[in-house]
Amino acid sequence: MNETIESITEQLLAEIRIVTGGRITPDPARPLADNGINSMGFMELLVFIEQKWGVSLVDQGISARDVADIRALAARILEGIRRA
Amino acid sequence: MKQDCGEGKWLDAFDSFAAYLNRSCAHTPGRGNHFLILLEYDEAPDFRIISDFFRKLPDLPPILFGKIRRFPGLAPYRTKGRPRMVTVTEAAADETPEDYANEPLPPGVPFDCRRFPRSVAFRFSHLFFDGCGAERFLLKLFTEGVGADEPSGLLSSSHMNDWKEQRTAGTEFRKSLLSKDLPPVACLLAPGTDRNLFFTASIPAESLLARAEREAGPFMGIPFLQHRTVSALLPFLRSAGITGDIMIPMTVDRRGQEDHPADALFFNHWSMLPVRVACDPENEPPLSAFRKAFYQANAEKRPKMFRMASMSGRFVPGPVMQILENHYGPKLGGTFLFSLLEESGLTGKTVFSRPVRNLRHLPAMPPRPGLGIIFNRAGMNMNLTVSLRAGLFPEDEAKRFFCNLQAELNRNESVSQNH
């Protein structure tokens with residue numbers, strides 16, 4: 001799998017559009033909460049991340065820094081992929 | 001957007017589970033599973049303004065387009081015929097909001113308003129609204145007004161016509177809850193009939209959520225609050241000799257997800273997310289177990305399954321429900337019901353010429369589990385309501401549980417951070 005931060009970010013943006021019912025156009029440079037993600041939406045995103053990349057952030061742990069914006073989350077996922 | 005429900009078309013409108021809960025509360029003083037939204041003020045609003053508002057308010061557009069016909073035990077419901085207009089009733093109260101919550105709603109009135117010295121209470125039927133929908137309805141009523149063309153916000157779901165899909169969803173959901181292989185659920189036994197007790201507190205929201213993020217991780221406020229609640233409740237369960245898994249039936253709002261409109265008002269955008277955590281008699285389950293269970297329930301798409309499942313696929317009509325209850329006992333109800341409404345649109349708004357300082361939910365609990373832990377954020381406050389059936393605990397113990405929970409939530413750090 002040749003994922004990059006950019007390719008993961010794109011896929012996260014598409015998933016966020018689905019999770020939020022297409023109500024918003026997510027901005028990769030903004031925090032997840034500002035992109036319409038709440039705790040239920042975040043869970044859906046975590047499920048998507050595990051299904052798509054096999055990275056269980058619930059088990060591995062996730063910090064506030066990892067969700068500072070969508071790119072930061074993409075970087076955290078890439079780190080998880082490399083660690084696996 | 002007005003949804004064309006069509007003449008006599010089935011709607012995924014009112015939830016049959018709500019009907020069951022309502023029926024199970026039929027013999028309580030409140031005669032139903034309704035709830036209060038309380039607007040709190042720093043200064044008493046001018047009551048003439050409130051009375052004038054309601055006197056001038058025309059009959060509201062129908063709660064549903066069409067006449068509601070309910071087939072006993074076989075919801076969903078069917079709409080037929082002309083829309084029914086709705087009258088709101090309003091009066092001064094000579095009691096407390098808690099006493100008011102224990103009264104029945106006037107027959108045929110889906111919501112009612114009472115004036116208190118520094119608050120105004122709205123009582124809603126759970127058959128029509130969930131907490132979030134009721135808040136939105138009030139916001140609309142007080143900001144834009146509700147016109148005759150008000151869209152119903154009902155979910156006319158394509159799933160309603162796919163019986164096979166519904167049955168599959170229901171079977172899966174039921175299996176996840178009622179498997180005989182699962183250990184028993186720790187639960188207090190709720191008395192069948194009695195009045196509801198309410199204990200309420202407001203906790204500074206920012207510091208509580210900052211602590212939740214520190215201890216549980218970002219967006220993990222729900223598992224954090226559930227963990228702290230269990231920590232406060234376990235000593236009482238154990239002193240009563242009650243052991244078993246912790247099962248938390250949690251209500252979730254599906255507005256804004258998939259085909260649920262984000263601005264919908266009515267009840268049928270509500271679902272359940274049961275969280276189950278193993279608990280041995282000696283140790284308190286760690287926070288990570290709540291986080292994992294919350295994640296697992298989402299990964300299994302339980303809220304979607306529950307939403308899709310038909311009455312016959314999910315739960316069953318009253319008499320059969322009684323047989324199931326007798327067989328499975330407390331497993332059906334869980335340890336306590338949990339709800340978190342993450343933000344209120346009404347706080348800070350001016351309603352009846354005064355800014356609303358706080359908004360609180362007071363929902364009555366159905367017999368099972370008979371104990372509800374309800375959080376709602378309103379501006380700077382995280383409001384906590386413990387709602388329970390009188391008799392579930394001795395009253396002094398119930399108060400002690402509430403004080404312990406409040407202390408848990410007001411603490412800067414958890415005593416044992418066992419993630």
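These are my notes from looking through a predicted model, mainly at one helix, a nonpolar core and a buried arginine.

**Helix H7, chain B**

I started with H7(B), residues 221-239. I get 19 residues and a reach of 28 Å from first C-alpha to last, close to the 27 Å expected at 1.5 Å a residue. Still, I find a bend of about 35° at B:Leu233. There is a proline to note here, since B:Pro235 follows within four residues of the bend. Just past the helix, I noted B:Gly241 with a positive phi of about 75°.

Is H7(B) mostly covered or uncovered? Covered, I'd say: 14 of its 19 residues are buried.

**The core**

Next I pulled up the largest nonpolar core, which has 111 residues. The ones with the most contacts inside it come from chains A and B, among them A:Leu46, B:Phe122 and B:Phe294. I then checked which element gives the most to this core, and it is H7(B), with 8 residues.

I followed A:Leu46 a bit further. Skipping neighbours within four places in sequence, I have A:Leu46 in contact with A:Leu57 and A:Val58, plus B:Tyr295 from the other letter.

**B:Arg136**

Last stop was B:Arg136, which I located in helix H4 of chain B, residues 131-143. Why do I call B:Arg136 buried? Because 21 other C-beta atoms lie within 10 Å, and the cut-off for buried is 20 or more. Ignoring residues up to four places away in sequence, I see B:Arg136 touching B:Asp263, B:Leu265 and B:Gly345. I also took a distance to B:Val386: 250 residues away from B:Arg136 in sequence, and 23 Å in space, C-alpha to C-alpha.

Key:
Residues are numbered from 1 along each chain as its sequence is written. Chains are lettered from A and ligands numbered from 1 in the order in which they are written. This is a predicted model: local features need pLDDT of at least 70, side-chain atom pairs count only at pLDDT 80 or more; totals for chains, interfaces and linings use all residues. Helices (H or I, at least four residues) and strands (E, at least two) are DSSP runs, numbered from the N terminus. The expected span of a helix is 1.5 Å times one less than its number of residues. The bend at a residue is the angle between axes fitted to the seven residues ending there and the seven starting there. A residue is buried if 20 or more other C-beta atoms lie within 10 Å of its own, exposed if 12 or fewer, and partly exposed in between; C-beta atoms are placed from the backbone. A nonpolar core is a set of buried Ala, Val, Leu, Ile, Met, Phe, Trp, Tyr and Cys residues joined through C-beta atoms within 7 Å. Two residues are in contact if their C-beta atoms, placed from the backbone, lie within 7 Å.
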